[in-house]
Amino acid sequence: MLSKDFILVVIGQVISLFGNAILRFALPLYLLNQTNSPALFGIVSACSFIPMIVLSPIGGIVADRTNKRNIMVVLDLFTAILSFSVVLLLGNVNLIGLMLIALIILYGIQGAYQPAVQASIPALVSTENLMSANAVINLVSSIARLVGPVIGGILYVTLGIYTILYLGFLCFLFSALIEIFIKIPFIKRETEDNAVGIVVKDMKESYHFIKEKKPVVGKAALLLAAINLFFSTLIIIGLPVIVTQKLGFEPVYANRLYGFAEGALAAGGLVGGILAGIMGRNLQIKNADKLLIFCSLTILPIGIVLLIKIPSILSYGIIVASCFIMMVLSSIFSIELMAYVQMITPNELIGKVMSLAMCICLSAQPIGQAVYGMLFELVPNRIGVLFIVSAVICLIISVYSKKVFPDNSFSIARDCKNRL
């Protein structure tokens, strides 16, 4: 049975992630609409990710050594201030600089925020409920990503960017107020080191864990970094460019359709989370290569429809369907991998180990975003070819992943029983 405090975490996540999803949909789209430059869009998106990568391991260290509730409250309040500040500055300062700084701060906050949420789960639920709790967190994240872009798209084309910023401000403020009432068990760790010494020591400890004690975690993180380089960044940069600029829709209609496309991605994550929760302990990561192979294959239809002449709305439907399926598969994979890492990691290391693994996974993403943004601008009529080439590369990586997750790898069912 899930505790009251875990339920409060979930409620706070729903509200906070809803506001986050709207902002992360609207701000980059507003920049793309105003500049019409995929290269600039890709570079700004890449720069925004760097603070998230840098702050993720630091966030994990902080999460292991301070009260996780306080981290959530402070960061949500800070994000509310950020939203209101953009309202005041928009139209009065350089747009590109403002969007760049706002997105950098937004992603940086997320990099520090998520480790606190992930590290709090084992402290709030029993081991046998760990898989279900992770599925719930994934579900609320998917629901926010599902509803956020759809509503964001409607609000964006009807009421404008200011309404979205005000709504984001209210969401983060309300989330912080709810999180004040969460009680997360916390034992302060005594240390004689200063702040820098703590960071260095904890980073070494988490690095040693994923390299020496549980090398499968480090190998999986490197594998996902390669997938992010060729796959995730392709969708992040490619989807808004394709829907708003390449399919021939009217701008207002295109922006709304892009919101629906982002909603389809989130719906896929939602379905994947439900399936992962249903399958629960029967999931085995030794079969992860199959999930990654099928996920890579979903890129091919997108490349094909961009190369052939078919009605725009049909192309859009195929692209959205492909995105939905890829998110179902990737969500199942992400949940089972995250649950296993939590199971094999001591409680005092969970935050920093997961954040370091996340840092490795995301390290290649800014490179991919910048490169794809420039490629879309340099070869605007060959985007379909880029998708097909990326699909082939991802298939090769997915087949290789069998070596990372061998047949005698780990089973969530078995390890749950062992930990009990």
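This report walks through a predicted model, from the overall build down to a handful of residues.

## The overall build

Let's start with the big picture. The protein has 16 helices and 0 strands. It runs to 420 residues, and 56% of them are buried. Look at the contacts between residues at least 6 apart in sequence: 89% of these join residues at least 24 apart.

As for the outside, the protein exposes about 17500 Å². Carbon and sulfur atoms supply 69% of that area.

## A nonpolar patch on the surface

Some of the surface is worth a look on its own. Val271, Ile274, Leu275, Ile278, Met279, Phe324 and Ile325 form a nonpolar patch there. Together these residues have about 560 Å² of accessible area.

Which helix gives the largest share of the patch? That would be α9, with 5 residues. Helix α9 covers 251-279, and both α9 and α12 supply at least two residues each. Phe324 is one of the patch members, and you'll find Phe324 in helix α12. With a relative accessibility of 30%, Phe324 counts as partly exposed, because that class lies between the buried limit of 20% and the exposed limit of 50%.

## Ser331, further along α12

Stay on helix α12, which spans residues 312-344, and you'll come to Ser331. Is Ser331 buried or exposed? Its relative accessible area is 4%, so Ser331 is buried; the cut-off for that label is under 20%.

Its side chain has a polar partner in the backbone. A polar atom of the Ser331 side chain lies 2.8 Å from the backbone oxygen of Met327. That falls within the 3.5 Å allowed for a polar contact.

## Aromatic rings

Now for the rings. How many aromatic pairs are there? The count comes to 5. Take Phe249 and Tyr253 as one of them: the ring centres are 5.5 Å apart and the planes sit at 85°, so this pair is edge-to-face. The label follows because planes over 60 degrees apart count that way.

The pair is also part of something wider, as ring pairs link Phe249, Tyr253 and Tyr316 into a cluster. As for cover, Phe249 counts as buried at 15% relative accessibility, whereas Tyr253 counts as partly exposed at 42%.

## Leu229 and its distant partners

Next up is Leu229, which has its place in helix α8 (residues 215-246). With a relative accessible area of 24%, Leu229 is partly exposed.

What does Leu229 touch, leaving aside residues up to four places away in sequence? The list is Ala364, Ile367, Gly368 and Tyr372. There's a C-alpha distance to go with this: Leu229 and Cys361 are 132 residues apart along the chain, yet their C-alpha atoms are separated by 9.3 Å.

## An unusual backbone angle at Asn36

Last stop: the loop between α1 (4-35) and α2 (38-65), where Asn36 lies. Most residues other than glycine have a negative phi. Asn36 is not a glycine, but its phi is positive, at about 55°.

Is Asn36 buried or exposed? Asn36 has a relative accessible area of 54%, so it is exposed; that label calls for over 50%.

Conventions
Residues are numbered from 1 along each chain as its sequence is written. This is a predicted model: local features need pLDDT of at least 70, side-chain atom pairs count only at pLDDT 80 or more; totals for chains, interfaces and linings use all residues. Side-chain values use heavy atoms; hydrogens and water are left out. Helices (H or I, at least four residues) and strands (E, at least two) are DSSP runs, numbered from the N terminus. Buried means under 20% relative accessible area, exposed over 50%, partly exposed in between (1.4 Å probe, protein chains only). A polar contact is a pair of N or O atoms within 3.5 Å; within protein, one must be able to donate a hydrogen and the other to accept it, and residues adjacent in sequence count only if both atoms are side-chain atoms. Rings of Phe, Tyr and Trp (its six-membered ring) pair if their centres lie within 6.5 Å; planes under 30 degrees apart count as stacked, over 60 as edge-to-face and the rest as tilted. Contact means heavy atoms within 4.5 Å. Accessible areas come from the Shrake-Rupley method with a 1.4 Å probe; for residues, only the protein chains shown count as cover. Patches are made of residues with over 30% relative accessible area and no salt bridge: like charges are joined within 9 Å, nonpolar side chains (Val, Leu, Ile, Met, Phe, Trp, Tyr) within 5 Å. A salt bridge is a side-chain nitrogen of Lys or Arg within 4 Å of a carboxyl oxygen of Asp or Glu.
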